[in-house]
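Please look over the sequence and the model shown here before reading on. The report is meant to be read beside them.

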Amino acid sequence: ATVRRDPMLGPIFEVRLAGRWDHHLSKMVDFWSSVTMQTGTYFGKPHAAHNALGLTTEHFSRWLDLFDETIDACCTGFA
């Protein structure tokens, strides 16, 4: 939801994911579950999927900022 509201990232992803955000969120859950808990639930190629969006290092930096904010807001007890 934070990415969707972000003035820099929201429009980029809205064009690509209009009407499909729930499907994308499900893929993101599988991806992060695989990365953080080694569940093996994700079988995609995230770099290839995002390559066509024309993202720059500035976009990725903004995404990292939002990711950090989300982690801080949602996760406690981790160092």
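The sections below go from the overall fold to the largest pocket and then to three single residues.

## Overall architecture

This is a predicted model, and its protein contains five helices and zero strands, so that the order of elements along the sequence, by the definition of helices and strands used here, reads α-α-α-α-α. Measured out along its principal axes, the C-alpha trace spans about 35 × 25 × 25 Å. Among contacts with a separation of 6 or more, 56% are made by residues 24 or more positions apart.

## Surface and charge

Of the 79 residues in the protein, 16% count as buried. The exposed surface comes to about 6,200 Å², and carbon and sulfur atoms supply 60% of that area. The protein carries 7 positive and 9 negative charges, and the mean positions of these two sets are 11 Å apart.

## The largest pocket

The largest pocket holds about 1,500 Å³ of space. Its lining is made up of 40 residues, of which His24, Met28, Trp32, His50 and Trp63 are the closest to the centre of the pocket.

Every one of the helices H1 (2–5), H2 (10–17), H3 (21–37), H4 (46–51) and H5 (57–74) supplies at least two residues of this lining. The largest share belongs to H3, which provides 12 residues of the lining.

## Two buried residues of helix H5

Leu66 is a residue of helix H5. Because its relative accessible area is 4%, which falls under the 20% limit, Leu66 counts as buried. Once its neighbours within four places in sequence are left aside, Leu66 is in contact with Thr2, Val3, Asp6 and Leu9. Ile12 stands 54 residues from Leu66 along the chain, and the C-alpha atoms of these two residues are separated by 15 Å.

His59 is likewise found in helix H5. Is His59 buried or exposed? With a relative accessible area of 16%, His59 is under the 20% limit and is therefore buried. Not counting residues up to four places away in sequence, His59 touches Met8, Leu9, Ile12 and Gly54. Leu9 is thus a partner of Leu66 and also a partner of His59.

## An exposed loop residue

Gln38 lies in the loop between H3 and H4. Although Gln38 is not a glycine, it has a positive phi of about 50 degrees. Why does Gln38 count as exposed? The relative accessibility of Gln38 is 72%, and because this is over the 50% limit, the residue is classed as exposed.

## Summary

Taken together, the predicted model shows a protein of five helices and zero strands, with a largest pocket whose lining draws at least two residues from each of H1, H2, H3, H4 and H5. Within H5, Leu66 is buried and His59 is buried, whereas Gln38, in the loop between H3 and H4, is exposed.

Conventions:
Residues numbered from 1 in each chain as written. Predicted model: local features only at pLDDT ≥ 70, side-chain atom pairs only at ≥ 80, totals over all residues. Heavy atoms only, no water. Helix = DSSP H or I, 4+ residues; strand = E, 2+ residues; numbered from the N terminus. Buried < 20%, exposed > 50% of the residue type's maximum accessible area, 1.4 Å probe, protein only. Contact = heavy atoms within 4.5 Å. Areas by Shrake-Rupley, 256 points an atom, 1.4 Å probe, with all protein chains shown as cover. Lys, Arg positive; Asp, Glu negative; His and termini not counted. Charge placed at Lys NZ, Arg CZ, Asp CG, Glu CD. 1 Å grid on protein atoms, 1.4 Å probe; cavity = no way out; pocket = protein on both sides within 12 Å on 5 of 7 lines; lining within 4 Å. Points joined across faces, edges and corners; volume = space filled by probe spheres on them.
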